[in-house]
There are 2 protein chains.
Amino acid sequence: MGLRFSVESCAGAARRGRLETERGVIETPTFMPVASLGAVKGLTASQLAATGTSIMLSNLYHLAVRPGVETIENLGGIHAFTGWPGPILTDSGGFQVFSLARLRRIDDDGVTFRNHVDGAEMRLTPESVIDLQRRLGVDIAMVLDECPAWPVSRRDAEESLARTLAWARRARAAWSGEPSGLFGIVQGSVFPELRRQAVRELAEMDFSGYAIGGVSVGEPTEDRHRVVEWIAGKLPADKPRYLMGVGTPWDIAHAVSHGIDMFDCVLPSRNGRHGQLYTRRGLLRIRNARFRTDSRPIEEGCECPSCKTSSRAFLHHLFRSGEVTAQVLATLHNLRFYLDFMRDLREAIASGSLAELLSSIEAAYVGDGADKPGS
Amino acid sequence: MGLRFSVESCAGAARRGRLETERGVIETPTFMPVASLGAVKGLTASQLAATGTSIMLSNLYHLAVRPGVETIENLGGIHAFTGWPGPILTDSGGFQVFSLARLRRIDDDGVTFRNHVDGAEMRLTPESVIDLQRRLGVDIAMVLDECPAWPVSRRDAEESLARTLAWARRARAAWSGEPSGLFGIVQGSVFPELRRQAVRELAEMDFSGYAIGGVSVGEPTEDRHRVVEWIAGKLPADKPRYLMGVGTPWDIAHAVSHGIDMFDCVLPSRNGRHGQLYTRRGLLRIRNARFRTDSRPIEEGCECPSCKTSSRAFLHHLFRSGEVTAQVLATLHNLRFYLDFMRDLREAIASGSLAELLSSIEAAYVGDGADKPGS
């Protein structure tokens with residue numbers, strides 16, 4: 001059947017919807033935990049399911065380097081390999097064009113990486129990236145794009161975008177009627193005309209969904225939000241809209257209010273591993289001495305395994321002692337927080353109470369210096 | 001009610017029994033996963049329960065250093081603190097007399113540690129160790145003993161044993177009728193007369209159970225087994241018998257066949273973290289290249305979360321990639337293996353098939369150089 005997307009209710013520009021895939025229905029707005037190598041760091045697949053996750057994000061570049069797409073294909077595909085039975089979206093490697101800039105050579109036909117593990121060369125082209133994701137058996141594939149650094153000159157951004165759009169056209173031509181979906185990626189850095197050009201051209205190519213890329217690369221929050229404000233409402237309304245690599249709860253709330261449907265971000269898992277725990281009142285730095293004797297759970301009413309059995313004092317103790325279980329419990333809590341927050345956003349859109357939810361999350365998270373991508 | 005122990009069936013010297021505590025019944029022979037700091041490394045309390053664990057081992061020395069007994073007491077005791085609702089046994093710190101030898105000063109009245117975290121002094125005496133474990137609220141407390149290094153001269157072993165026995169007498173006097181139990185610890189190194197003297201004197205003091213200490217300190221397997229052969233059958237038959245810090249599946253099988261009821265060991269969790277996985281056919285070193293494309297679970301028929309959803313190839317990939325989930329999945333499998341093995345031992349004792357089980361585990365595990373304590 002492929003992907004089917006329907007918008008069920010709106011609140012201003014915000015949308016509540018359903019994205020149907022062969023492997024399950026995704027209620028949107030949704031958050032995709034990051035499992036670049038096939039597992040969310042520290043969690044088993046069943047623990048991930050218990051957080052409320054409906055779709056997991058993985059990464060073609062990383063899996064192609066290790067263990068290799070052929071290995072995964074021979075083992076029955078990415079779902080059999082990872083043990084995650086639900087939908088999976090893979091990023092294409094376009095972000096690694098940015099994050100591994102010193103290890104890649106880009107030309108008009110594709111990207112050549114000296115991979116970060118053993119230095120062997122790996123060539124990715126718009127067509128090969130489609131083929132590799134098809135062989136993995138992912139539910140949503142992403143086109144190969146070039147994610148420019150920030151800041152970038154207008155001239156370089158323009159040149160990069162031209163390449164990204166040419167690649168998108170080739171990817172779209174290489175992809176035909178799979179049951180899975182293919183998303184195009186809007187680039188153009190912080191230049192509104194470039195971003196709008198990207199939206200126009202990609203919409204004509206007719207993808208299953210549209211992503212905004214090139215954010216969460218070090219730019220100020222205001223720039224990131226501005227890109228969303230320019231672009232989200234211009235993406236085709238009948239297709240899911242995905243803001244890549246974003247973000248804090250406030251970033252997500254802001255983007256949802258402008259019509260974004262899908263998110264992924266390492267913040268809940270990475271911050272969790274560093275003892276930064278999400279609550280409705282803001283971030284809680286569990287290593288802080290004031291939690292040494294605190295018998296309360298991280299957050300009252302939270303149904304995560306950590307809050308159901310562990311006090312802040314126990315988590316504080318495990319973090320201070322360097323125990324791996326600390327990272328596991330914190331990741332379980334933070335992902336649950338994000339997924340509960342997405343559910344609250346969906347319910348608020350349906351019930352007309354989005355404004356209250358946005359202002360409470362703004363009060364809790366805006367201006368909190370530790371709660372930025374990259375912190 | 002305190003502890004109640006009954007032997008339900010025997011096969012030669014091997015016993016199948018029930019140890020009843022206020023927090024649950026322990027079927028023996030049993031294995032206690034090691035959670036020195038309150039959590040098995042990488043696992044949540046509910047994951048531990050799912051391995052089939054009925055009693056968890058923790059460590060008074062470690063918890064007294066961090067977060068401190070008073071903190072745990074104020075948080076409602078060790079069960080509330082760790083989130084583990086079942087029985088808990090704590091070792092007293094006697095093993096740290098051995099393992100932290102450079103950080104402690106021993107005298108006839110007790111031990112003074114400069115603790116391994118911040119160097120602060122901590123004094124443990126036979127009486128304080130009873131008091132501290134009572135305040136933690138453990139189900140089974142251990143007396144303070146002196147665990148001598150291996151090898152040790154006969155003269156030093158004798159002197160050390162005299163101190164251990166004097167301490168045991170003082171601990172026994174300090175302990176009176178708690179609902180929890182107190183175990184004495186047999187020392188005496190590899191000297192049979194000293195070991196037998198310890199058994200005689202401790203039995204007269206009337207403990208809730210008796211442990212064999214001073215093994216798994218670097219001695220050859222034969223020495224460890226000889227101590228069990230001398231002593232296990234001489235420990236009071238109506239009380240549980242606990243072999244401390246042991247061991248490999250073969251060590252455990254050997255000890256069970258000589259009448260031991262309880263075990264603890266870091267091997268399944270520590271070896272798991274290093275990619276050594278237990279199966280009925282022997283150890284499987286999952287980082288080995290031959291597992292790169294192996295679609296089978298670690299062990300067919302195993303009900304652990306790893307075997308139910310992950311192939312050897314996926315575990316191999318996660319270990320090679322340095323992912324924390326690898327350690328979690330391996331620990332879950334190894335503990336399940338140990339606990340299933342204990343169940344098989346109990347069933348074999350009841351059904352008269354112990355000899356077959358012992359010879360199959362001997363075939364799988366004897367002579368395997370990597371499968372030794374300390375490896």
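Which residue in E11(B) is the bridge partner of Met142(B)? In this predicted model, the partner turns out to be Phe183(B). That pair belongs to a bigger arrangement, in which strand E10 (residues 140–142) of chain B and E11(B) run parallel and are joined by 3 bridges.

E11(B), which spans residues 181–186 of chain B, is a well-hidden piece of the chain: 6 of its 6 residues are buried. In a regular strand, side chains alternate between the two faces of the sheet. In E11(B), Gly181(B), Phe183(B) and Ile185(B) point one way, while Leu182(B), Gly184(B) and Val186(B) point the other way. Both sets are buried.

E11(B) also pairs with strand E12 (residues 209–212) of chain B, again in the parallel sense, and this time over 4 bridges. Within that pairing, Ile185(B) sits opposite Ala211(B) of E12(B). What kind of unit do E11(B), helix H8 (residues 192–205) of chain B and E12(B) make? Together they form a β-α-β unit, and a right-handed one.

Moving over to chain A, the picture starts with two domains: domain 1 covers 4–265 and domain 2 covers 272–365. Their C-alpha centres lie 27 Å apart. Where the domains meet, 24 residues of domain 1 of chain A are in contact with 23 residues of domain 2 of chain A. On the domain 1 side, at least two residues each come from strand E1 (4–11), strand E2 (14–21), strand E4 (30–32) and helix H10 (249–257) of chain A. H10(A) gives the most to this side, with 5 residues. Sorted by type, the residues on the side of domain 1 that touches domain 2 are 11 nonpolar, 9 polar and 4 charged.

Domain 2 of chain A, running over 272–365, takes in a neat little hairpin. Here strand E15 (residues 276–279) of chain A and strand E16 (residues 282–285) of chain A run antiparallel, held by 4 bridges. The hairpin gets from E15(A) to E16(A) through 2 residues. Across the pair, Leu277(A) stands opposite Leu284(A).

Is Thr164(A) buried or exposed? Thr164(A), which lies in helix H7 (residues 154–174) of chain A, counts as buried because 29 C-beta neighbours fall inside 10 Å, and the cut-off for that label is 20 or more. Leaving aside neighbours within four places in sequence, Thr164(A) is in contact with Asp145(A), Glu146(A) and Gln187(A). Cys307(A) is another story: 143 residues away along the chain, its C-alpha atom is separated from that of Thr164(A) by 44 Å.

The two chains also meet each other, with 36 residues of chain A in contact with 36 residues of chain B. On the chain A side, the elements giving two or more residues include helix H1 (45–50), helix H3 (69–74) and helix H14 (324–351) of chain A. The residues of that side divide into 14 nonpolar, 17 polar and 5 charged.

How far can the model be trusted? For the complex, the predictor gives an ipTM of 0.96 and a pTM of 0.96. Chain A averages a pLDDT of 95, and 97% of its residues score at least 70. Over residues 369–375 of chain A, though, the pLDDT is below 50, and this stretch has 11 contacts in the model beyond near neighbours in sequence. Where pLDDT is low, predicted coordinates should not be read in detail.

Notes:
Residues are numbered from 1 along each chain as its sequence is written. Chains are lettered from A and ligands numbered from 1 in the order in which they are written. This is a predicted model: local features need pLDDT of at least 70, side-chain atom pairs count only at pLDDT 80 or more; totals for chains, interfaces and linings use all residues. A residue is buried if 20 or more other C-beta atoms lie within 10 Å of its own, exposed if 12 or fewer, and partly exposed in between; C-beta atoms are placed from the backbone. Two strands pair if DSSP finds at least two bridges between them. A crossover is right-handed if, with the strands pointing away from the viewer, the path from the first strand over the helix to the second runs clockwise. Domain bounds come from an automatic or database domain assignment. Two residues are in contact if their C-beta atoms, placed from the backbone, lie within 7 Å. Ala, Val, Leu, Ile, Met, Phe, Trp, Tyr, Cys and Pro count as nonpolar, Asp, Glu, Lys and Arg as charged, and the others, Gly among them, as polar. pLDDT is the predictor's confidence in each residue, from 0 to 100.
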